[in-house]
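User: Please examine the ligand site and the internal space of the model shown here.

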Amino acid sequence: MKRKYNFYAGPSTLPLPVLEQLQEEIVDYHGEGLSMIETSHRSSIYDTIHNETEEMMRELLGIPGDFHVLFLGGGATLQFAMVPMNLLGGDTPCDFVVSGAWAKKALDDAEKVGKVNVIFDGKDSSYTTLPQVRDVEPGSASSYVHITSNETIGGVQWKEFPKTGRVPLVADMSSDILSRPLPVSDFGIIYAGAQKNMGPAGVTVVIIRKDVADASSDGLPAYLSYKTHAAKKSLYNTPPVFSIYAVNLVLKWLKNSGGVEAIEKLNQKKAGAVYGSMKKSGGFYTCPVDPSVRSHMNIVFRLPSEDLEKKFIKEAAQEDMLGLKGHRSVGGLRASVYNAMPLDGARVLADFMDTFAEKNG
Ligand SMILES: *Cc1c(COP(=O)(O)O)cnc(C)c1O
């Protein structure tokens, strides 16, 4: 078997030891005589995994006791609706930073629920910049401020986070959660679909401050209410047990790899290798994103022509590098180098970029 380097933006590469362990346990989990896919979410076997997964999330990110950690379905996309349904009501607006395609989707759903005030829109720079953190000032009566910590399509990433005081800061961290240490206490809600940096698709992690959950709207359908899930410890209905189990293994792998501090250093090296090749190319590769906010997870770049971009993608695939095509809405190229992408993968890509630029420049 030869595993290729998988640069897809999501679902994305998982650590090989995790896949191997899943394979080994797929028919018989730890001699229990059944698979984790078949295990009741009310069983003690699952209960142990459920609690352990929450504990590891808390430990890895330093999540304080005044936050719930929830495991929900529906992807980050459901949170685009759940956040405003729970937090936005009446005439009180929320504030949005529109930093790219994902922030825009979250904004569109919030606008269906209540009043939204856009405090920054990156439109004029084609979403290649972010506001200074000190300029992110919520209105005095704001319900919350919404940001997207990493724009998976545009390749724009917050390097530090605004402090919004009394107003809860809500962040979609789908594509960079667990890639670096986080000041969790500065947030009201952090949400992230698993399939970029945590595991397979199917589960979404919601880290929500308890008082924010307590203050959320009453009268919502059960599944859409944070209160329901917080009261039942994410076991109100059947959680995606197998996905959560896979997340459990990824978190163990991350712990054994030194945690978020160690992975942040590795991620900097990986991104540094690819951005380094761009710089070395003397303009053959260009990155549209402002250098101060270039993502360490999703690296976007262009070549001198679309024909050369097609050629690059084709030849990279022949050398076992997959998923380098940019999102269909923006074109160009994108290398997603999430936590599970080994340093070797980034180096192989960087070397390929050097050679390709020499041959075609
Ligand atoms: C992938 C992604 C989403 C959407 O996630 P789903 O699980 O498909 O709903 C939302 N926000 C960001 C930043 C993403 O990268």
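The questions below concern the ligand and the enclosed space in this predicted model.

User: Where does the ligand sit?

Analyst: The protein covers 86% of the 390 Å² of accessible area that the ligand has on its own. A ligand is placed in a pocket when more than half of its atoms lie within 2 Å of the pocket's grid points. By that criterion, the ligand sits in the largest pocket.

User: Which helix gives the most residues to the shell around the ligand?

Analyst: The ligand is surrounded by twelve residues by class: three nonpolar, seven polar and two charged. Among those around the ligand are G75, A76, T77 and F80. Residues 75-87 form the helix that gives the most to this shell, with four residues, and that element is helix α3.

User: How far is an N or O atom in the side chain of T152 from an oxygen atom of the ligand?

Analyst: A polar contact requires N or O atoms within 3.5 Å. A backbone N or O atom of A76 lies 3.2 Å from a ligand oxygen atom, and a polar side-chain atom of Q195 lies 2.8 Å from one. For the side chain of T152, the distance to an oxygen atom of the ligand is 2.4 Å.

User: How much space lies in the largest cavity?

Analyst: The search of the whole structure finds one cavity of 30 Å³ or more. Its lining includes L14, M198, W253 and Y338, and the lining residues divide into seven nonpolar, three polar and one charged. The space in the largest cavity is about 50 Å³.

Terms used
Residues numbered from 1 in each chain as written. Predicted model: local features only at pLDDT ≥ 70, side-chain atom pairs only at ≥ 80, totals over all residues. Heavy atoms only, no water. 1 Å grid on protein atoms, 1.4 Å probe; cavity = no way out; pocket = protein on both sides within 12 Å on 5 of 7 lines; lining within 4 Å. Points joined across faces, edges and corners; volume = space filled by probe spheres on them. Nonpolar A, V, L, I, M, F, W, Y, C, P; charged D, E, K, R; others polar. Near = heavy atom within 4 Å. Polar contact = N/O pair within 3.5 Å; in protein donor to acceptor, adjacent residues only side chain to side chain. Areas by Shrake-Rupley, 256 points an atom, 1.4 Å probe, with all protein chains shown as cover. Helix = DSSP H or I, 4+ residues; strand = E, 2+ residues; numbered from the N terminus.
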